[in-house]
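Please open the model in a viewer and keep the sequence panel visible. The tour proceeds by selection, from packed helices to sheets and then to confidence.

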Amino acid sequence: MSLLRRTLSSLAVAALVVGSAFAQQTPTPTPQVPHPTPVPRPVVPDAPVPPPPDVEGKSWVLMDYATGQVLASKDPDVRVEPASITKVMTDYVVSAEVANGKVHMEDKVTISENAWRGGGAGTDGSTSFMQLNSQVTLKDLLYGMIIQSGNDAAIALAEHTAGSEGNFANLMNAYAKQLGMVNSNFQNASGYPISNHYTTARDIAILSRALIHDFPEDYAISAIKDFEWNGIKQHNRNLLLWRDPSVDGIKTGHTAAAGFCLAASAKQGDARMIAIVMGASSEKARADAAMALLSYGFRFYETHKLYDSNKPLATPKLWKGTENQLPIGVTDNVLVTVKRGDYDKLKAEMDIPATLIAPFTKGQQIGTLRVTLDGQPVQNVPLVALNDAPQGGFFARLWDSIMLWFHSDKKPETK
């Protein structure tokens, strides 16, 4: 015990000496996020970016795929009937269930009478002409639903995946909630009009982005221009596939109540845009509106990578740990999409605690990276520990506890 007392006494004396010197030093400022060096490019004349085009539609959204930022919109959160745009949700759920091993592309699916009749759609709904009681592979049903917009294919997929279309609708709503589609409710797999079946332009944009990202092979089906089944060839109703080679999806929809709807996406170079148009007056009008939005996005916006994933943005002081510093950064590349010419106006700052006390685990959130443009938030990204930071030994923790008395006006929390 006498040895421990002498050791503690020595540590205390040393701490007083070091602490006196420490108190005279200027506190270390909060680390600042380095602004990325702009990529050299030709000088562009300083011209204002025009407002988005005034396109037709009850509601619409233009979204940048890389960041998920909504670049322009009209009534994006107004509830609307989705018509066959519903089948994008059906596609997502079936693709997710395939990925999880619940169903398989090679599964033989029996076409029930309910599916054959189109779930009430009858001769007024789109169909893939699946024969009653025939067996069709799940893959062919996906082609029939996505390219031909077949209600029979959609219902057969729902019944095979979940046992009934009602059970499948519950799955649709569960996946929608998981994706953050807060203003959607699905009652069937085909989009045939029914009470309490609704979505929004923003939610369809969120869904479309998730489909492209999570299931790119299934998404690629929407770029196919025609599909033949039972001796009948039908063309994809997305007119933009013929207008612009950069367009590769996504889905059309139409009923008398919903109007003409289109979820469209195009890729030019490394950039991808998503345009959602709900409630246009005609097939041509929805295609024109979506094309105008996509063109506007590609022409007047650009996406930049600000910071790389898993690389330290700062190494603040760590107390009571085996190491003296804690590297912190982001888990994914930080991308922002801004109007052309606005890149140099971006500002970034880190919001992290003044005192960091071990332990921390790799991936644990430490603070927030805030990116703003003209004072308005652009991105808020979690800052996390890039390494495990275990507690130090007894004497290391004791020393830091003493030092913290001089580092802060408040008594430090003991961990």
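At what angle do the axes of helix 2 (residues 86-99) and helix 5 cross, and within what distance do they come? In this predicted model, the two axes cross at roughly 35° and come within 11 Å. Viewed along the contact, the crossing of helix 2 and helix 5 is left-handed. Select Lys87, Thr90, Val94 and Glu97 in helix 2, then add Asn151, Ala154, Leu157 and Thr161 in helix 5, which they meet. By class, this contact of helix 2 with helix 5 comprises three nonpolar, three polar and two charged residues.

Keep helix 5 (residues 151-162) on display and add helix 4 (residues 138-148). The axes of this pair come within 8 Å and cross at roughly 140°. Helix 4 and helix 5 are therefore oblique to each other. Their crossing, too, is recorded as left-handed. On the helix 4 side, select Leu138, Leu141, Leu142, Gly144 and Met145; on the helix 5 side, select Ala153, Ala154, Ala156, Leu157 and His160. Eight residues of the contact of helix 4 with helix 5 are nonpolar and two are polar, while none is charged. Ala154 and Leu157 of helix 5 appear in the contact with helix 2 and in the contact with helix 4.

Next, turn to the five-stranded sheet. This sheet is open, with antiparallel pairing and the strand order 2-1-9-8-7. Strand 2 (70-74) and strand 7 (247-255) lie at its edges; each has a single partner strand, so one side of each is left without a neighbour in the sheet. From one strand to the next, the twist averages 5°. Zoom in on the edge at strand 7, where eight bridges join strand 7 to strand 8 (residues 259-268) in an antiparallel arrangement. Within this pair, Val247 is placed opposite Ala266 of strand 8. Now add helix 7 (residues 201-214), which packs on the sheet and touches strand 1 (59-64), strand 2, strand 7, strand 8 and strand 9 (271-280). The direction of helix 7 makes about 140° with that of strand 9.

Then select the four-stranded sheet. It is open as well, with antiparallel pairing and the order 12-17-16-14. Its edges are strand 12 (328-329) and strand 14 (346-351), each with a single partner strand, so one side of each lacks a neighbour in the sheet. At one edge, strand 12 is joined to strand 17 (residues 376-385) by two bridges, and the strands run antiparallel; here Gly329 stands opposite Val384. At the other edge, six bridges join strand 14 to strand 16 (residues 365-373), again antiparallel, and Asp351 stands opposite Thr368.

Between these pairs, strand 16 and strand 17 pair in the antiparallel sense over eight bridges. Leu373 has Gln376 of strand 17 as its bridge partner. Which residue takes a positive phi in the hairpin of strand 16 and strand 17? Select Asp374, whose phi is near 55°; the hairpin has two residues between the strands.

Finally, colour the model by pLDDT. The mean for the protein is 88, and 86% of its residues reach 70 or more. Over residues 11-28 the pLDDT stays under 50, and the model has 14 contacts beyond four places in sequence for this stretch. Residues 409-415 are also below 50, with 11 contacts beyond near neighbours in sequence. Where pLDDT is low, the predicted coordinates should not be read in detail.

Definitions and conventions: Residues are numbered from 1 along each chain as its sequence is written. This is a predicted model: local features need pLDDT of at least 70, side-chain atom pairs count only at pLDDT 80 or more; totals for chains, interfaces and linings use all residues. Side-chain values use heavy atoms; hydrogens and water are left out. Axes are lines fitted to C-alpha atoms, for helices over the stretch in contact, and angles run from 0 to 180 degrees between N-to-C directions. Angles under 35 degrees count as roughly parallel, over 145 as roughly antiparallel, 65 to 115 as roughly perpendicular and the rest as oblique. A crossing is left-handed if the near helix is turned anticlockwise from the far one by less than a right angle, and right-handed if clockwise. Contact means heavy atoms within 4.5 Å. Ala, Val, Leu, Ile, Met, Phe, Trp, Tyr, Cys and Pro count as nonpolar, Asp, Glu, Lys and Arg as charged, and the others, Gly among them, as polar. Two strands pair if DSSP finds at least two bridges between them. pLDDT is the predictor's confidence in each residue, from 0 to 100.
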